[in-house]
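The following exercises concern the helices, nonpolar cores and largest pocket of one protein model. Each task is followed by a solution in steps.

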Amino acid sequence: WRSRAQAGAKFDAMLGTYLTDNAIDVHWILPEELRRIAKRAPGMLVDPDRIGLQQLVPRNVRRVPDPLSARLRQYVALTDARVAFAPAALYLSREQAAGSTTYRADVNAVVVDARMGDVRWRTLATGRGRSPEAAVRAAIATMVPPDLGSP
């Protein structure tokens, strides 16, 4: 969790596993697949890790700004999708209380109608845990409850 690249890779893996395990009715195209798609279309697509999702963090963003909007349209066109679930930011912090350390993870995520360029849903999910991994898992679980498919 010390570098942005390391944190991004860990987060992507954790989120991907959680989504495929708990939101099974959705066909998820995860970051690793997006990276493969980008490599197959050199010069046509921006690296998905550098697409500029942080532009979606401000709460007042209702329309996806260009060039991000155009980049998302390119990806959905190549994946036959319409909607993109975009984790726009991950914030990790350490909290000290009563001699123990806990971690806090804040995940800013949006759902975008990529063809129209509209932000359809957003959340700032917060989780706490005794490790960064536990805090991130707790934050992810507030976005997609683990019992989503249970009767």
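The expected span of a helix is 1.5 Å times one less than its number of residues. Helices (H or I, at least four residues) and strands (E, at least two) are DSSP runs, numbered from the N terminus. The model is predicted: local features need pLDDT of at least 70, side-chain atom pairs count only at pLDDT 80 or more, and totals for chains, interfaces and linings use all residues. Residues are numbered from 1 along each chain as its sequence is written, and side-chain values use heavy atoms, with hydrogens and water left out.

**Exercise 1.** Compare the span of helix H4 with its expected value, and locate its buried residues.

*Solution.* Step 1: H4 (residues 132–143) has 12 residues and should therefore span 16 Å; its end C-alpha atoms lie 17 Å apart, in agreement. Step 2: Pro-132, Ala-135, Val-136, Ala-139, Ile-140 and Met-143 are the buried residues (under 20% relative accessible area; exposed is over 50%, partly exposed in between, with a 1.4 Å probe and protein chains only). Step 3: around the axis they cover an arc of only 135 degrees, so they are on the same side of H4; the arc is that of the directions from the helix axis to the C-beta atoms. Step 4: their cover includes helix H1 (4–22), E1, E2 and strand E3 (118–129).

**Exercise 2.** Which residues of H3 are buried, and what covers them?

*Solution.* Step 1: the buried residues of H3 are Leu-68, Ser-69, Leu-72, Tyr-75, Val-76 and Thr-79. Step 2: they fall within an arc of 125 degrees seen down the axis, so they line one face of H3. Step 3: H2 and E2 are among the elements that cover them. Step 4: just after H3, Asp-80 has a positive phi of about 55 degrees.

**Exercise 3.** Describe the largest nonpolar core.

*Solution.* Step 1: a nonpolar core is a set of buried Ala, Val, Leu, Ile, Met, Phe, Trp, Tyr and Cys residues joined through side-chain atoms within 4.5 Å. Step 2: the largest has 21 residues, and Leu-53, Val-64 and Val-119 are among those with the most contacts inside it. Step 3: H2 (31–40), H3 (68–79), E1 (83–97) and E2 (100–113) each supply at least two residues of this core, and H3 gives the largest share, four residues. Step 4: a second, separate core of 19 residues includes Met-14, Ala-105, Ala-135 and Val-144.

Terms used:
Contact means heavy atoms within 4.5 Å.
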